[in-house]
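Student: I would like to learn how to read the features of a structure that is new to me. Could we go through it step by step?
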Amino acid sequence: MTTPQPARAQAPAAQPPRAQPSRAEAPPPGAVRAEPSPATAPAPASRILVVDDDPTVAEVVTGYLLRAGYRVDRAADGHEALARAAATRPDLVVLDLMLPGLDGLEVCRRLRAGEGGDRLPVVMLTAKGEESDRILGLELGADDYVTKPFSPRELVLRVQSVLRRSAAAGPAAARPDRPARLTAGDLTLDPAARRAFRAGRELALTLREFDLLAFLLRHPGAAFGREELMQRVWGWEFGDLSTVTVHVRRLREKVEDDPAAPALITTVWGVGYRFDPAGKGPAL
């Protein structure tokens, strides 16, 4: 009679991918170091609206966002996206540019035109090589973009980064360490309330526009290159520098008397940009 042998331990079943980026998919080290792992979402209750007509892309993105702790709604076209945004009041929209019927640019434009739309973060998904559409999306106020094909983990990191900045727009009264207001000429910024005024009139600034203006006001007279602005305002170690260019142009349209001849946010050739609080700097 053969003595029964103890059963060998079976290999564990394959588990879903963990939320840490793999070596192959991770962005450059500097960018990863500045962001938390998708497994530690800063606001588990945040609601994300994913708008993409490709069901595979939408399903993958939705899965990663759900695993990161977010609530997720989906829309497959522009009209459905606007209806869901109005019904669910998302905290952020992941928006594909190439949508049937109403394209992503028009959806972004209408979202921005709606009540509170200037404060609704938008992360755009763009196809590789569509630079003109990407630039137009940024000009319409998109806070960030990710180029297809992309790593879903990278997208989650970008979403987390934008939401952390959006969280700063919460009730100012709840912050005992409320930062001081920033002033320069007829410009006034309240960092805690995330509100900006020019000559007593409130400015409609997107999240990134506000962050950029606040940074410039904190460093009057100093010149910064686009790479440094991307690192210190966006928190990115890599990316398309035209993002900075577009945001500077949009900001000039809102704070300058003559955006074509800026006196506050001036260009320093060979370097980048400088904020002149006296408004007398040459528009180089």
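Tutor: Let us start with how strands are matched up: two strands pair if DSSP finds at least two bridges between them. Please keep in mind throughout that this is a predicted model.

Student: In what order do the strands of the open sheet lie?

Tutor: Strands of a sheet pair through backbone hydrogen bonds, either parallel or antiparallel. Here, an open sheet of four strands follows the order E6-E7-E8-E9, and the pairing is antiparallel. Strands E6 and E9 (201-202) are the edge strands, each of them pairing on one side only.

Student: How many bridges join E7 to E8?

Tutor: Four bridges join E7 to E8, which covers residues 195-198, and these two strands run antiparallel. To see one position in detail, look at Leu-189, whose bridge partner in E8 is Ala-196.

Student: Which residues have the most contacts inside the largest nonpolar core?

Tutor: A nonpolar core is a set of buried residues such as Leu, Val and Phe, joined through side-chain atoms within 4.5 Å. The largest one in this model has 28 residues, and those with the most contacts inside it are Leu-189, Leu-212, Leu-229, Val-255, Ile-265 and Phe-275. Several elements supply at least two residues each, including strand E7 (187-190), helix H7 (207-218) and helix H8 (226-234), while H7 gives the most, with seven residues.

Student: Which residues does Leu-212 touch?

Tutor: Leaving aside residues up to four places away in sequence, Leu-212 touches Leu-229, Val-233, Trp-234, His-247, Val-248 and Leu-251. Apart from this core lies another, of 23 residues, with Leu-49, Ala-85, Met-124 and Tyr-145 among them.

Methods
Residues are numbered from 1 along each chain as its sequence is written. This is a predicted model: local features need pLDDT of at least 70, side-chain atom pairs count only at pLDDT 80 or more; totals for chains, interfaces and linings use all residues. Side-chain values use heavy atoms; hydrogens and water are left out. Buried means under 20% relative accessible area, exposed over 50%, partly exposed in between (1.4 Å probe, protein chains only). Contact means heavy atoms within 4.5 Å.
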